[in-house]
Structures are given as structure tokens and as C-alpha cells.
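The following paragraphs walk through one protein structure, from its charges and overall dimensions to its interior and two individual residues. Please keep the sequence and the model at hand while reading.

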Amino acid sequence: MPDFWLSCGYRLLVPGSDGRLTVTNDFLRSYLVRPELAPVTESCPAEWTLHDALLADPRRAVTEDELTAIADADARENYRIWLRFRARLLAAPSLESAYAGLFHGDGVDVPPLFVHQLTQVILRHILGDNADPLEARVAEMLFRTQKVAVHEDGAVMAADEATVEIHAQSGGFGSLGELLARNKTPLRSVELDVLDEASAAQYWERDERFDLVVSLNRGRPALAALTRVLQKWVAHFLAVDVTIRQESEIDDARWVWHIGLDAEASTLLNDLYNRVEVGDDRLRRLLCLFQLDFVEPAVMRTAIAGRPVYLAMAMDAANRLKLKPQNLLLNLPLARAQ
């Protein structure tokens, strides 16, 4: 298979002896050449000087005087944000530790863009150099918002929201754009670039175009691939083995633990667990249910060891699916502190 997600910066990082990623100078420099930080023709001399100095030594200290000397207020703020992010990366023993640390304390203090970039590069590491193309496609769902179309014939299709927004109105995304914009055209009458087992290999030709659609219907290969990705995510961060399988409902009189894989699913599961009345409109947003089991129940909290953990993902009122993979790292009922 070819390399994939080249622009995420994975090849600029170095895996440590523990299998986790070590931040390098080249990885830090990759942020400095992004549009948010790269100077433009109109940039003042102070901005050019600071940028050149950081390219030469991306770990160097930056003084307040150097920042206030930058004429453009937006550029000053962008540097402050990046420096705060850089401090988190350099203070942590690994990229994974820096990522997990973002979600502790009073809230995430870096832009979502940085969170999504870290999620992508860590997933690239987890998937490895023998990645399954369906796993790579559904892994996109952990760092890129999806637009979901629920069709009259029951088909549930997910496409990258940013790609849909760019092409839906112009027709550049073909019939998929129409489907997601109007959600009225019968699925059988349109041609979609749907990724499944038969067409999986084409992913490697379009891995950074984010223009392949997957079916989220129960039993489809994309959902099976998603369960495998989530299992690998948990194993990599928490060093515990879990199995995750699709479920059609939660029929459990001893339901004791659940985790929403996104904000919508979290509130929906909480209400169902607490027997709050949930309207049909909200129930229709529930896309998938899963059951997570620990291979070794002894790693769970003693009071609930051996009990299943239920997972769910749901779209919001605008048919957007915004997964938050950090929920699995923060909310599993582990006996030991991570």
C-alpha cells in the first residue's frame, strides 16, 4: 500500500521505545509554514524576524517584546496560540501524552484545528504501514465532521462535511451533493462513490481528498472497521484490550455504564439511562449503538467488573456527526488511574 495522509506530519515524528511519538523540530516547523503563521508580503519586519528565528530554532524562547513588536494583531494572536500549544507539546513526554493532557483541567485551551491535527497524526501512527483502507476512511470520522444522509429506503450515508459544503452547490460533488443538500433523491437513482470492501483499494488514490462516502447501516463493513479502529485507539492510549461490537438496542436491566462518542449521543444516552422521555426526532438521530467489553474484566472498577459498556454515536439536528474520540480515553471505568 502507498503511504497516506502525508500532509499530517506523521513522517516528521519519531516513535519512541514505548511506541509513542516524540516531537521533533521538523514537526514544530511544519506549523510555522502553515497560512496562520507564515508571513505574507505585507508582514512587518518584526514578524519576518521572529518567523526566521523560529524556523532556525523552533524551540527557542519568545519574549513578550518580540510579540508586541508584531504590527498585525491577528498575527500576534496566532503566535500566542501556537506558543501555548508548543509549550504543551514540549512539556509532555510524547505526542499522545500532550493530546490526552488537552482534556484535563478547565477545558481545551487550543483551537479545535490543533486537536484534530493531533488526532489524525496519532491515528496515522496507530493504523501503521499496513493499514486497512476501510479503517483509514472511518478513522477520518474521528477528526473530520461528517454530513449524514438518512434516505427514504433506510440507507444511512456519511460524507465529509467540508467536502460536501465545497461542492454541493456547484455540483462538483455530483449526485452526492444533491443527495445531502436535498435528501429527497432515491438512492438507487444516483451514482455515489461509496467505499466498501469491493472498492476499498481506491482509497489509497484519494486519501487526502476526503471525498469517499461510507454506509453507516448496521452490518455494513464500514461500521465493523470503525469498531476495530476504536479498539486500537483504546489499546494504544490505555494499554488495555477491549472488544467492541454493534448492537441494535440496549436491553439490559443492569445497564450501569455508557459513553457517548459525541455530544449528541452523550446527552441522549444520559436521558435514556435516567428514563427521561426522548422524542422521536431525537431518537432518529441515533445512528449506531455498540457494546464494549474488557478482555480482562479485572482492569475495570471492582463494583462493575465484567459488565458491558454501551457506546453510541448520533448526528445533531443539522445531520452532522462530530465524534470525540477523547471520550473513550476519559470515561472508561478503569480501576487504575491513567
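The mean positions of the 36 positive and 49 negative charges of the protein lie 3 Å apart, where Lys and Arg count as positive and Asp and Glu as negative, with His and the chain ends not counted, and where the place of a charge is NZ of Lys, CZ of Arg, CG of Asp or CD of Glu. This is a predicted model, in which local features need pLDDT of at least 70 and side-chain atom pairs count only at pLDDT 80 or more, whereas totals for chains, interfaces and linings use all residues. Residues are numbered from 1 along each chain as its sequence is written, and side-chain values use heavy atoms, with hydrogens and water left out.

As to overall form, the C-alpha atoms fill a box of roughly 65 × 55 × 40 Å along the principal axes. The radius of gyration, taken over C-alpha atoms, is 22 Å, which agrees with the value near 20 Å for a compact globule of 338 residues, the globule rule being 2.2 Å times the number of residues to the power 0.38. The protein has 13 helices and 10 strands, which are DSSP runs (H or I of at least four residues for helices, E of at least two for strands) numbered from the N terminus.

Buried residues, meaning those under 20% relative accessible area (exposed is over 50%, partly exposed in between; 1.4 Å probe, protein chains only), make up 49% of the 338 residues. The largest nonpolar core has 90 residues, and Trp 5, Trp 82, Leu 95, Leu 216, Met 313, Leu 328 and Leu 332 have the most contacts inside it; such a core is a set of buried Ala, Val, Leu, Ile, Met, Phe, Trp, Tyr and Cys residues joined through side-chain atoms within 4.5 Å. Helix α10 (residues 221-238) gives the largest share of this core, 10 residues. Apart from this core lies another, of 7 residues, among them Trp 255, Ala 265, Tyr 310 and Ala 312.

Beyond four places in sequence, Trp 82 touches Leu 28, Tyr 31, Leu 32, Leu 37, Leu 54, Pro 58 and Phe 114, a contact meaning heavy atoms within 4.5 Å.

Two loop residues may be set side by side. Thr 24, in the loop between β2 (21-22) and α1 (25-32), counts as buried because its relative accessibility is 15%, whereas Arg 275, in the loop between α11 (263-273) and α12 (280-284), is exposed because its relative accessible area is 79%.
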